[in-house]
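Got your viewer open? Let's take a short walk through some charged side chains, one stop at a time.

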Amino acid sequence: MIKKLSHVGIAVTNLEQSMKLFSGLFQNASTGTEDVKDQHVKVGFFQLGGTSIELTEATAPESPIAKFIQKRGEGVHHLSFEVDDIHAELTRLKREGFQLIDEQPRRGAGGYWIAFLHPKSTNGVLIEISQKIEE
Ligand code: ZN
């Protein structure tokens, strides 16, 4: 079951500058940055009520964020919805006809399993589903 909007992902070219910009916008300190090495990105989070904003900078040219910015420039990249059982949701969404980018969840930032749906099957919106990793 989809529980809530977990975060909005924004692609940026310079995380440090964007962290300053958004902390001025939100008047709120970030909850820090994190390197997600296998996805070649560096992310920063801002908590806003029950949801958050995730700023993402590419750390290598083969990163999907680098390709996104090259094609479309900086901006909103994806919406992430938190689910209670990511495996069950992937099975359900596939059965509903959504195209999966990730057949299996992978480790994302902030202690979550994540998987993306192809924007071709969601009206052009890149959707991520996520589940908190229990450890
Ligand atoms: Zn995300």
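**A tour of salt bridges**

Start by selecting Glu-103, which counts as partly exposed because its relative accessibility is 45%. Keep in mind as you click around that this is a predicted model.

Now add Lys-94 to your selection. The side chains of Lys-94 and Glu-103 come together in a salt bridge, with 2.9 Å from N to O. Lys-94 has 46% relative accessibility, so Lys-94 is partly exposed too.

Next, hop over to Asp-102 and show its side chain along with that of Arg-106. Here's another salt bridge: Asp-102 and Arg-106 meet at 2.9 Å, N to O. Is Asp-102 buried or exposed? With a relative accessible area of 10%, Asp-102 is buried. Its partner, Arg-106, is partly exposed at 27% relative accessibility.

For the last stop, select Glu-82 and Lys-3. These two form a salt bridge as well, and their closest N and O atoms sit 3.8 Å apart. Where in the chain are the two partners? Glu-82 belongs to strand 5 (residues 75-83) and Lys-3 to strand 1 (residues 2-12), so colour both strands and look at how the pair links distant parts of the chain, 79 residues apart. Try a surface view here: Glu-82 is buried, because its relative accessibility is 9%, under the 20% cut-off. Lys-3, on the other hand, is partly exposed at 48%.

How many salt bridges are there in total? The count comes to four, and your tour has taken in some of them, including the one between Glu-82 and Lys-3.

Methods:
Residues numbered from 1 in each chain as written. Predicted model: local features only at pLDDT ≥ 70, side-chain atom pairs only at ≥ 80, totals over all residues. Heavy atoms only, no water. Helix = DSSP H or I, 4+ residues; strand = E, 2+ residues; numbered from the N terminus. Buried < 20%, exposed > 50% of the residue type's maximum accessible area, 1.4 Å probe, protein only.
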